[in-house]
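Good morning, everyone. Please have a look at the model on the screen, and I will then take you through a few of its features.

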Amino acid sequence: QTLSQRQIPVFAALVGWSEEPPDLAVADVRAPPFAVRGQPCRVRPSLKHSPPNREPARLVVRHGADALLEAPVNPAANVWSAPRLEFVPEASGPLRCTVALEPVPGEVVPERNNARDFAIAVRDTPVHILFLDWLPRWESRFALHALRALPYAEVNAIIGVVQDRQAIPRGVAKGAWPADDAALAMYDLVVIGDLPDGTLAPAELDALDRWVREHGGTLARLDAGGPDRPDVLAASPAGRVHPLTRALAAGLPDAPAAAAGVLIASGDAGEPFLAVESRGKGKILHVAGDRLWRLFNERNLDGHTQLYTELVRWAVQGSLGGDGKLGGDALASRVSLPLQVWAPGFPDGTPVEARSGDNTVATAALRGGRAEFANLRPGTFRFLAPGRPEVSTPDIEILDDSPELNALACRTEFLAALAAGTGAETGGLPDVARFIARIPRRQHVERNEHVFQPW
């Protein structure tokens with residue numbers, strides 16, 4: 001009505017399908033980064049099932065040539081579904097799998113979007129996390145909730161103020177701080193909050209430092225204070241790529257001059273707010289404030305949650321190159337995501353090669369102790385400095401995103417009514433040039449050719 005009153009005709013060139021075309025697709029797979037050998041592992045694919053003749057389809061999860069599970073997918077009123085699948089891995093080690101809908105005759109996009117890969121590291125034990133804070137702060141509670149929700153992790157959480165006489169017990173049981181180096185070595189990740197002086201004895205702090213430096217442990221420090229306003233935060237180039245902060249960095253301005261290891265900077269001076277540090281064989285995450293929940297929960301709750309869920313994977317798989325070798329943020333990534341390699345012991349400008357087998361497929365130069373790669377094809381890669389194969393990263397899997405390929409939808413009745421109600425007409429794609437010629441020229445004319453030229 002508004003367009004008609006303003007005498008704005010809308011010419012409709014109809015393109016696409018007026019109903020969902022026959023097609024099967026695996027649009028996404030939600031899979032955990034870790035599973036425990038002999039225990040159920042749950043994955044959840046997002047499926048489009050709009051087959052010709054409304055026939056059932058067969059869903060298969062494969063590891064190489066082996067079928068881990070098979071399940072029927074029956075027609076439903078909604079063409080989209082997200083079934084919960086479960087299988088039991090029988091051996092430890094990296095597991096690269098494929099979720100596939102077997103093709104059926106008559107699909108408009110046969111095979112190309114019928115499968116999607118995912119990668120899981122199968123462990124003998126769950127990921128063990130030790131969490132210590134003195135008070136149940138908002139950020140501590142948020143972090144604990146995120147970590148405890150992970151099916152592949154076991155969390156030993158200690159809140160000092162609720163202990164009997166506020167004395168933290170020592171030992172190997174849950175609720176106790178490790179009594180010696182052997183007990184501490186059982187953990188993959190230690191998270192420390194804001195503790196009063198003397199909470200841990202000097203010998204225990206020394207043991208924690210040895211665990212990081214010599215054992216290769218990962219320590220996360222959640223300090224108190226920090227900014228209250230998100231507009232004082234900015235993301236460094238490393239922070240936009242790192243799995244810990246990739247989602248948090250969305251919407252933040254750039255901090256191009258941030259120091260090495262700074263992922264999110266605070267204030268005009270670019271003070272570290274979220275930063276990573278190499279320490280011997282291990283690494284540390286510094287969170288310079290406990291107000292992340294106030295900064296992000298309303299505007300980026302998923303990014304805040306991802307900081308802690310990705311922290312677990314980074315603790316087990318990530319490296320900052322502190323052990324003398326090149327390090328990556330994780331052992332699996334996707335084609336659509338840039339990937340960075342850390343090499344703090346090499347000078348800027350040193351080339352880093354991405355190799356698949358014996359072939360060098362890409363090269364990037366180090367800047368600030370890191371090199372960034374994008375648009376790598378699916379496959380298994382190692383990253384190394386030329387002539388230094390002994391300092392290469394472990395194998396890193398690059399998985400295809402296998403996007404669901406859509407046919408353009410056409411709302412014929414709506415577009416025809418819109419054209420008729422505004423005094424225009426309806427046609428097809430060949431009529432676009434004729435429609436443009438018929439548009440009455442006024443003071444301002446726009447030809448949005450980027451809309452119709454690709455078609």
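Over the ring of which residue does the charged end of Arg411 sit? That ring belongs to Phe414, and the charged end lies 4.4 Å from its centre, where a charge counts as over a ring if NZ of Lys or CZ of Arg is within 6 Å of the ring centre and within 35 degrees of the ring normal. Arg141, in turn, lies over the face of Trp138, at 4.9 Å from the ring centre.

I should say at once that this is a predicted model, in which local features need pLDDT of at least 70 and side-chain atom pairs count only at pLDDT 80 or more, while totals for chains, interfaces and linings use all residues. Residues are numbered from 1 along each chain as its sequence is written, and side-chain values use heavy atoms, with hydrogens and water left out.

Turning to the interior, the largest nonpolar core (buried Ala, Val, Leu, Ile, Met, Phe, Trp, Tyr and Cys residues joined through side-chain atoms within 4.5 Å; buried means under 20% relative accessible area with a 1.4 Å probe, protein chains only) has 44 residues, of which Ile129, Tyr308 and Val312 touch the most other members. The most residues given to this core, six, come from helix 8, a DSSP run of H or I with at least four residues, numbered from the N terminus, spanning residues 301-317. A second, separate core has 22 residues, among them Val26, Cys41, Leu95 and Cys97.

Finally, in helix 4, Glu204, Ala207, Leu208, Trp211 and Val212 are buried.

Definitions and conventions:
Buried < 20%, exposed > 50% of the residue type's maximum accessible area, 1.4 Å probe, protein only. Helix = DSSP H or I, 4+ residues; strand = E, 2+ residues; numbered from the N terminus.
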